[in-house]
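Hi there,

Here is the structure I promised to pass on. Have a look at it first, and my notes on what turned up follow below.

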Amino acid sequence: MLTRIDHIGIACRDLDKTVEFYRSTYGFEVFHSEVNEEQGVREAMLKINDTGDGGASYLQLLEPIREDSPVGKWLEKNGEGVHHIAFGTADVDADSESIRAKGVRVLYEQPRIGSMGSRITFLHPKDCGGVLTELVTSAEPGAHEDH
Ligand code: CMX
Ligand code: CO
């Protein structure tokens, strides 16, 4: 069951500058940052609020580390802006299978590793009204200490 908006993914060309915009404009601080080689991004997670399911909602600021990555290609075509939304679930495997059974293309056979050791998959934007949609199951508390 999908129980929260886990994050909104925002594509940018300069992560440090974008982090500074969110800090100076809204007062949001970086909760966590990392490079995800497989996804081709350098990213910062800004925690906005806790959620009723025990999780939290974030902004995920994304700078491509390769031009031919999903975010690199998207930036080239669209410029900076909202790239995807992500729903949180306790069981990404079950939810991706049930959504796949409804005829929506799930991009990965098995979930992959996302921010902070989470497990993630994506639904094809062409099957979701033009919205690239991610499903996320957070790592167990304590599984990823690198905040
Ligand atoms: N939102 C909405 N539509 C998108 C999109 C996005 N973010 N990215 C691509 N599309 C659309 C394109 O506009 C294009 O539509 P048209 O054919 O009408 O022009 C179509 O999808 C195909 O786009 P493309 O540029 O040819 O790109 P690809 O097919 O190579 O890749 C996708 C598209 C969704 C398969 C790829 O972006 C992907 O695998 N995404 C999942 C991984 C990802 O986004 N990782 C970065 C974030 C990591 C994280 O959140 O942790
Ligand atoms: Co994301």
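A word on angles before anything else: each axis is a line fitted to C-alpha atoms, for helices over the stretch in contact, and the angles run from 0 to 180 degrees between N-to-C directions. With that in hand, helix α3 (residues 92-100) lies across β1, β5, β7 (119-123) and β8 (133-137), and runs at about 150° to β8. Helix α2 (residues 70-78) lies across β1, β3, β4 and β5 (81-89), at about 140° to β5. Please keep in mind that this is a predicted model.

The sheet

The strands these helices lie across belong to an open sheet of eight strands with mixed pairing, in the order β2-β3-β4-β1-β5-β8-β7-β6. Its edges are β2 (30-36) and β6 (112-113), each of which pairs on one side only. Further in, β3 (residues 41-50) and β4 pair in the antiparallel sense, over nine bridges. Across that pairing, R42 stands opposite E63 in β4.

The annotated domain

The unreviewed UniProt entry carries the annotation "domain: VOC" for residues 4-138. That span is 22% helix and 41% strand, and its end C-alpha atoms lie 12 Å apart.

Two residues to look at

R4 lies in strand β1 (residues 2-11). Is R4 buried or exposed? Its relative accessible area is 10%, and the cut-off for buried is under 20%, so R4 counts as buried. The side chain of R4 makes a polar contact of 3.0 Å with that of D6, and another of 2.9 Å with the side chain of D53. Beyond its sequence neighbours up to four places away, R4 touches a set of residues including T51, G55, A56, F87, V136 and S138.

S57 is found in strand β4 (residues 56-64). With 11% relative accessibility, S57 is buried as well. Which backbone oxygen does the side chain of S57 reach? It is that of I5, at 2.5 Å. I5 is also among the contacts of S57 outside its neighbours within four places in sequence, along with D6, L46, K47, I48, N49 and T51. T51 therefore turns up for both residues: R4 touches T51, and S57 is in contact with T51 too.

One more distance for S57: its C-alpha atom is separated by 8.8 Å from that of G88, a residue 31 places away along the chain. G88 is also one of the residues that R4 touches.

Best wishes

How values were computed
Residues are numbered from 1 along each chain as its sequence is written. Chains are lettered from A and ligands numbered from 1 in the order in which they are written. This is a predicted model: local features need pLDDT of at least 70, side-chain atom pairs count only at pLDDT 80 or more; totals for chains, interfaces and linings use all residues. Side-chain values use heavy atoms; hydrogens and water are left out. UniProt positions are given in the numbering used here, feature names are shortened, and annotations may be inferred rather than shown by experiment. Helices (H or I, at least four residues) and strands (E, at least two) are DSSP runs, numbered from the N terminus. Buried means under 20% relative accessible area, exposed over 50%, partly exposed in between (1.4 Å probe, protein chains only). Contact means heavy atoms within 4.5 Å. A polar contact is a pair of N or O atoms within 3.5 Å; within protein, one must be able to donate a hydrogen and the other to accept it, and residues adjacent in sequence count only if both atoms are side-chain atoms. Two strands pair if DSSP finds at least two bridges between them.
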